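Here are a few exercises to work through with the model open beside you. Try each task before you read its solution.

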Amino acid sequence: MKTDSSIFSKRFLALSVLVLFLAELVLILLSWILSATGMEGVRSLLSSEGIRWFVGGFTDIVDSTLLVWLIILLIALGAFQKSGLPSLMHANNQMTYREKTALRVSIALFVVYVAVILLLTAIPHAILLSATGSLFPSPFSRSIIPLTAFGISMVSVVYGMMSGRLIALTDVLDALSHGIGKGAPVFVLYILMIQFVRSMWFVFA
């Protein structure tokens with residue numbers, strides 16, 4: 001049975017998609033009207049230039065760092081949910097010996113992972129620091145999201161396999177793709193949002 005929160009989130013996403021779609025249509029018509037009246041600095045999305053930009057540049061518009069972050073965070077979230085780790089947060093949960101062992105190994109792996117990241121960032125002239133030795137901006141600051149997502153995915157898969165939640169490789173694959181499937185509506189929202197923002201930039205910039 002669906003919870004109220006999941007129903008609300010789906011309704012919220014659906015409403016957001018509708019609002020963004022209508023906003024894009026309004027922007028297209030508004031850009032045409034303002035351009036036709038000769039307003040300076042306004043380009044029409046219905047002009048030959050606007051249509052070429054909208055159609056020909058669609059892939060470049062959608063392709064962004066934010067999209068990559070969204071994908072890998074959903075992968076990490078799905079792995080975390082399917083691993084069984086969320087059940088440990090329940091106060092009445094009784095852990096088996098296998099689950100306790102899996103948790104200890106996962107914590108140890110997480111500590112090692114954090115230690116490796118610190119070695120690559122915290123010591124002088126570390127690899128992930130910038131050329132000037134700063135942490136922000138640096139290769140580390142640009143990879144915080146991927147590093148976090150990879151750490152969550154790795155710990156989740158290890159715990160899931162050791163606790164018996166993820167038995168075969170197909171189970172691991174299902175866990176890693178679970179979040180993408182659940183988060184599919186977010187991709188629709190993302191495409192409409194980024195398209196609307198870039199359309200605003202094209203019309204008024």
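Helices here are DSSP runs of H or I with at least four residues, numbered from the N terminus. By that numbering, Ser-87 is found in the loop between helix H4 (65-83) and helix H5 (97-119). Please keep in mind that this is a predicted model.

**Exercise 1. The overall fold**

Task: Describe the secondary structure of the protein and compare its radius of gyration with that of a compact globule of 205 residues.

Solution:
- Step one is to list the elements: the protein has nine helices and zero strands, so the order from the N terminus reads α-α-α-α-α-α-α-α-α.
- Next, look at the extent. The radius of gyration is 23 Å, whereas a compact globule of 205 residues would have one near 17 Å.
- The box around the C-alpha atoms, along the principal axes, is roughly 75 × 55 × 30 Å.
- Then turn to the contacts: among those with a separation of 6 or more, 69% join residues 24 or more positions apart.
- Finally, consider the surface. About 13,100 Å² is accessible, and carbon and sulfur atoms hold 74% of that, while 30% of the 205 residues count as buried.

**Exercise 2. A serine in a loop**

Task: Decide whether Ser-87 is buried or exposed, and find what surrounds Ser-87.

Solution:
- Start with the cut-off: buried means under 20% relative accessible area. Ser-87 counts as buried because its relative accessibility is 18%.
- Now look for contacts. Beyond residues up to four places away in sequence, Ser-87 touches Asn-93 and Arg-165.
- Closer along the chain, a polar atom of the Ser-87 side chain lies 2.5 Å from the backbone oxygen of Gly-84.
- To place Ser-87 in the wider model, take Ile-180, which is 93 residues away along the chain; their C-alpha atoms are separated by 21 Å.

**Exercise 3. A valine in another loop**

Task: Locate Val-42, and work out why Val-42 counts as buried.

Solution:
- First find the loop: Val-42 sits between helix H1 (4-36) and helix H2 (48-56).
- Apply the cut-off of under 20%. Val-42 has 12% relative accessibility and therefore counts as buried.
- Next, list its partners, leaving aside neighbours within four places in sequence: Ser-31, Leu-34, Ser-35, Val-203 and Phe-204.
- Last, check a distant pair. Val-42 and Arg-142 are 100 residues apart in sequence, and 35 Å lies between their C-alpha atoms.

**Exercise 4. The charges**

Task: How many positive and negative side chains are there, and how far apart are the centres of the two sets?

Solution:
- Counting gives 13 positive and 9 negative side chains.
- The centres of these two sets lie 11 Å apart.

Note on methods:
Residues are numbered from 1 along each chain as its sequence is written. This is a predicted model: local features need pLDDT of at least 70, side-chain atom pairs count only at pLDDT 80 or more; totals for chains, interfaces and linings use all residues. Side-chain values use heavy atoms; hydrogens and water are left out. Helices (H or I, at least four residues) and strands (E, at least two) are DSSP runs, numbered from the N terminus. The radius of gyration is taken over C-alpha atoms; the globule rule is 2.2 Å times the number of residues to the power 0.38. Buried means under 20% relative accessible area, exposed over 50%, partly exposed in between (1.4 Å probe, protein chains only). Contact means heavy atoms within 4.5 Å. Accessible areas come from the Shrake-Rupley method with a 1.4 Å probe; for residues, only the protein chains shown count as cover. Lys and Arg count as positive and Asp and Glu as negative; His and the chain ends are not counted. The place of a charge is taken as NZ of Lys, CZ of Arg, CG of Asp or CD of Glu. A polar contact is a pair of N or O atoms within 3.5 Å; within protein, one must be able to donate a hydrogen and the other to accept it, and residues adjacent in sequence count only if both atoms are side-chain atoms.
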